[in-house]
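Ready for some practice in reading a protein model? Keep the structure in view and try each task before you look at its solution.

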Amino acid sequence: MKTNAVRLLESLGVAHELREYQVDPEDLAAETVAAKIGMPPGQVFKTLVARGDRHGVCFAVVPGNAALNLKSLAAVTGDRKMELVPLKEVQPLTGYVRGGVTVLGAKKPYPVYADETIQLWDQISVSAGIRGTQIILSPVDYLRVTRAVVAGIATAKP
């Protein structure tokens, strides 16, 4: 099935691979997805939706084995305070459901901030816009297409 994310990459001529996996609605963790598609969790990036007190909604793209550091994100965006958007607002804002959120082909072009570790890999994995499918592509292409700002916004999970 072609998602908006896949259509976008195809329209731009961006090389990518799709990897499907069995979805467990009870376990949508990035580490689980990484194991199912055969990649290290640090190479599988999850897309979170955050909101700052000054600049509003943005995407934060962090490795699957890390957590978003809201203070670091706020410092990069110029906000005083940053919080994750409540789950019930994610789909209306992005057009995607939890476990399928991606910057690619999202409803609105919110600013994108990617953790600096994205540059350590030859290939990364991001959601294809639906649960059960990941897009494998080069971080260089991903950063170019999403116009992401690269910064240290992730922290080790507790």
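Below are three exercises on this predicted model, each with a worked solution.

**Exercise 1.** Find the order of the strands in the open sheet of five strands, and say which strands stand at the edges and why one side of each is left without a neighbour.

*Solution.* Start by reading across the sheet: the order is β5-β2-β3-β6-β9, and the pairing is mixed. Next, look at the two ends. β5 (82–84) and β9 (149–151) each have a single partner strand, so one side of each has no neighbour in the sheet. Finally, check the twist: on average, neighbouring strands are turned by 35 degrees against each other, direction ignored.

**Exercise 2.** Work out in which sense β6 and β9 pair, parallel or antiparallel.

*Solution.* First locate β6 at residues 112–115. Then follow its pairing with β9, which is parallel and runs over three bridges. To pin down one bridge, take A114: its partner in β9 is V150.

**Exercise 3.** Describe the largest pocket: what is its volume, and which strand gives the largest share of its lining?

*Solution.* Begin with the space, about 570 Å³. Now turn to the lining, which has 28 residues; K46, T47, L48, R98 and G99 lie nearest the centre. Sort the lining by class and you get 18 nonpolar, six polar and four charged residues. The largest share, five residues, comes from β2. Helix α4 is also among the elements that supply at least two lining residues. As a last step, trace α4 (87–94) itself: this helix lies across β2 and β3, at about 95 degrees to β2.

Definitions and conventions
Residues numbered from 1 in each chain as written. Predicted model: local features only at pLDDT ≥ 70, side-chain atom pairs only at ≥ 80, totals over all residues. Heavy atoms only, no water. Pairing = 2+ DSSP bridges. Helix = DSSP H or I, 4+ residues; strand = E, 2+ residues; numbered from the N terminus. Axes fitted to C-alpha atoms, helices over the stretch in contact; angles between N-to-C directions. Contact = heavy atoms within 4.5 Å. 1 Å grid on protein atoms, 1.4 Å probe; cavity = no way out; pocket = protein on both sides within 12 Å on 5 of 7 lines; lining within 4 Å. Points joined across faces, edges and corners; volume = space filled by probe spheres on them. Nonpolar A, V, L, I, M, F, W, Y, C, P; charged D, E, K, R; others polar.
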